[in-house]
Each structure stands twice: as structure tokens, then as C-alpha cells.
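Student: I should like to learn how the features of a protein model are read, one after another. Could we work through an example together?

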Amino acid sequence: MGKGINKAVIVGTLGRDPEIRYSSSGSAVVNLSVATNESWKDRETGEAQERTEWHRIVIFGKLGEIASQYLKKGEQAYFEGRIKTSKWQDQSGNDRYTTEIVATEMQMLGRRPEQVS
Amino acid sequence: MARGVNKAIIVGTLGQDPEVRYTANGGAVANISVATNESWRDKATGEAQERTEWHRIVMFGKLAEIAQQYLKKGSQAYFEGRIQTRKWQDQSGNDRYSTEIVANEMQMLGGRAGGGGGAPMESGGQSQSKPQSAAPETAPMDDGFDDIPF
């Protein structure tokens, strides 16, 4: 049996500027908060509904540095990567889980062509 | 501005039989736990590393009923949907978040030889798939799930 496929594709808008930090080996770790919206019509009332989904996206290394350099709050970008859930303990020692997308591809959108590369 | 794209694609193995319940208006809700594996070589030591990722996948309505009928622990399947994070409160009133994939497409894979193409297996048909030996007994996303007000 194969390893399986674990893929996420997000095209969304940054809710804040990227947060960059560096691992002990000096490589960049960049965290992003990206919004997508879904809309639908309520079946009973017919009213338009909208919901914003916030995605935690993390990018490592060179791509992370590019993201932190060129992406800003309010800008739109394409991300592709895998879904990863990390287990951690809160202050009371309870197991907690955080899910994020580890992006391995990123493209800036909605910019003048000469700025996109 | 466009609404954006929120898409997840998972091809993986069920860690347990689907859990199905019904809403007040009779609609089915299926929760499943699906494993994917990633492997890589440690840059420093050169050793092969492997990690199992568990995905919590939820399906509604007819698709949930099909999943209940045909998917079992060890089955392999393709899922496509959107990523959704729900906020809920634990017993102490703390905000908690659970992320899952709301699948709107599903295809069974790896059924009996010759039965490929995602065709539904006959009732009682045995899947040839084996559960991943690396899979833990319980999926991590089971934590507090029963407490989540859906």
C-alpha cells in the first residue's frame, strides 16, 4: 500500500503580517493566518450566510523567508502543502492538538506582474 | 475579492470503523479517522524516518450513509473536501479548537481485485487493505470529541 496522499490547497487573505522566528539551526519558521470564506443560502429561510475559515499555515526555510518578506496583512496568496496535527500539553497537563498546514508551495496573488516571482 | 479556495485531498487508511449518528432532522453524520504516512531521511543521521498523520474526516447525509455501509477499519479511500476548525468550550470553560475535513467527495479504493475504479464493494465484501501497523490504538483526535457541541 502506498503512503497515501495528504494535500491541502488554500487561496486566501492574510489576516495579519507573517510572524517569523528562527530555529536553533538558524532556519526560518514563518507562521501565517489565512482566511477563506464560504457562502451558502439557508435552506429554510433563504438567507445568504457567510462563514470565514481561518487557517494556520507554517512555512520553513527559504520559502518562509520569502513569505515573510513579501506577504503582508490583507494580501492574497496561494498555498499548497500537507495537513499536520501537533500534540502538546497545556498548563494543566492535558493533551491538546493544533492543526496547521505545512506549506511547500506559495505564490503571491493580486500583485503587479513584475512583483510576482 | 474572491472567496478563496479551501481544499483538502486525503488518500488514506481508516483507523477504525466509521462512527455514524443522526441529527434531529434525521440526517446522517459520519466521523472517520484516516491515516496517511510520510517518510523522509534524517539529514544528519541518514536514517529513514516515518510519521503517521491522523485526519479527522466528517461527512454528512447520503455520503455519510455510504461511508457507514462500505468503509471499515483498514479500508483505503479517497476524500476531498474543505478544512474546518470549530471552536468549543471544555468542561472548565476554556476555548478549544478542533480541525477536521468536511468531505463532499469520497471514493473507495483497494477493494477486491478487479473491483477497482471506486466501485462500491458488495455488502459483506472483505477489503484487501490491511490497517497500518504503525497506527496507534486510538487516533489522537478522539480527545474530547464527545464533548463537542456540533
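Tutor: Let us begin with a single residue: B:G110 is placed in the segment after β6 of chain B. Please keep in mind throughout that this is a predicted model.

Student: Is B:G110 buried, partly exposed or exposed?

Tutor: The general idea is to judge a residue by its relative accessible area, where partly exposed lies between 20% and 50%. B:G110 has a relative accessible area of 39%, so B:G110 counts as partly exposed.

Student: How far apart are B:G110 and B:A77, in sequence and in space?

Tutor: The two are 33 residues apart in sequence, while their C-alpha atoms are 7.7 Å apart in space.

Student: Let us turn to the helices. Which residues of helix α1 of chain B are buried?

Tutor: One lists the buried residues and then asks how they are arranged around the axis. In α1(B), residues 61-70, the buried ones are B:L63, B:A64, B:A67 and B:Y70. They lie on the same side of α1(B), because the arc they cover around the axis is only 150°.

Student: What covers the buried residues of α1(B)?

Tutor: The cover includes four strands of chain B: β2 (19-22), β3 (28-41), β4 (48-60) and β6 (95-109).

Student: Which residues are buried in helix α1 of chain A?

Tutor: In α1(A), also residues 61-70, these are A:G61, A:G64 and A:A67. Viewed down the axis of α1(A), the buried residues fall within an arc of 100°, so they line one face of the helix. A:K62 and A:Q69, on the other side of α1(A), are exposed. The cover over the buried residues of α1(A) includes β3 (28-41), β4 (48-60) and β6 (95-109) of chain A.

Student: How is an interface described, and how many residues of each chain are in contact?

Tutor: The size of an interface is often expressed as the accessible area lost when the parts come together. Between chain B and chain A the buried area is about 2700 Å², and carbon and sulfur atoms give 47% of that area. In terms of residues, 36 of chain B are in contact with 30 of chain A.

Student: How many salt bridges and polar contacts cross between the two chains?

Tutor: The rule finds two salt bridges across the interface of chain B and chain A. In one salt bridge the side chains of B:R82 and A:E38 meet, at 3.2 Å from N to O. Between the chains, 13 residue pairs are in polar contact, with both residues at pLDDT 80 or more.

Student: Which strands of chain B supply the side that touches chain A?

Tutor: At least two residues each come from β1 (5-14), β3, β4, β5 (76-89) and β6 of chain B. β1(B) gives the largest share of that side, eight residues. By character, the residues of the side of chain B that touches chain A are twelve nonpolar, 13 polar and eleven charged.

Student: How many salt bridges are there over all chains?

Tutor: By this rule there are 15 over all chains. A useful habit is to ask where the partners of a salt bridge lie and how accessible they are. B:R86 and B:E100 form a salt bridge in which the closest N and O atoms are 2.8 Å apart. This pair links distant parts of the chain, with B:R86 in strand β5 and B:E100 in strand β6 of chain B, 14 residues apart. Both B:R86 and B:E100 are buried. Salt bridges with shared partners join B:R56, B:R86 and B:E100 into one network.

Student: Which salt bridge does A:R96 form, and is A:R96 buried or exposed?

Tutor: A:R96, in strand β6 of chain A, forms a salt bridge with A:D90, with the closest N and O atoms 3.3 Å apart. A:R96 counts as buried at 15% relative accessibility, and A:D90 is buried with a relative accessible area of 17%. Apart from neighbours within four places in sequence, A:R96 is in contact with A:S86, A:K87, A:W88, A:D90, B:D95 and B:R96.

Student: How accessible are A:D95 and A:K87?

Tutor: The side chains of A:D95 and A:K87 meet in a salt bridge at 3.4 Å, N to O. A:D95 counts as partly exposed at 27% relative accessibility, whereas A:K87 counts as exposed at 51%.

Terms used. Residues numbered from 1 in each chain as written. Chains lettered and ligands numbered in written order. Predicted model: local features only at pLDDT ≥ 70, side-chain atom pairs only at ≥ 80, totals over all residues. Heavy atoms only, no water. Buried < 20%, exposed > 50% of the residue type's maximum accessible area, 1.4 Å probe, protein only. Arc of directions from axis to C-beta. Contact = heavy atoms within 4.5 Å. Buried area = accessible area lost by both parts, 1.4 Å probe. Salt bridge = Lys/Arg side-chain N within 4 Å of Asp/Glu carboxyl O. Polar contact = N/O pair within 3.5 Å; in protein donor to acceptor, adjacent residues only side chain to side chain. Nonpolar A, V, L, I, M, F, W, Y, C, P; charged D, E, K, R; others polar.
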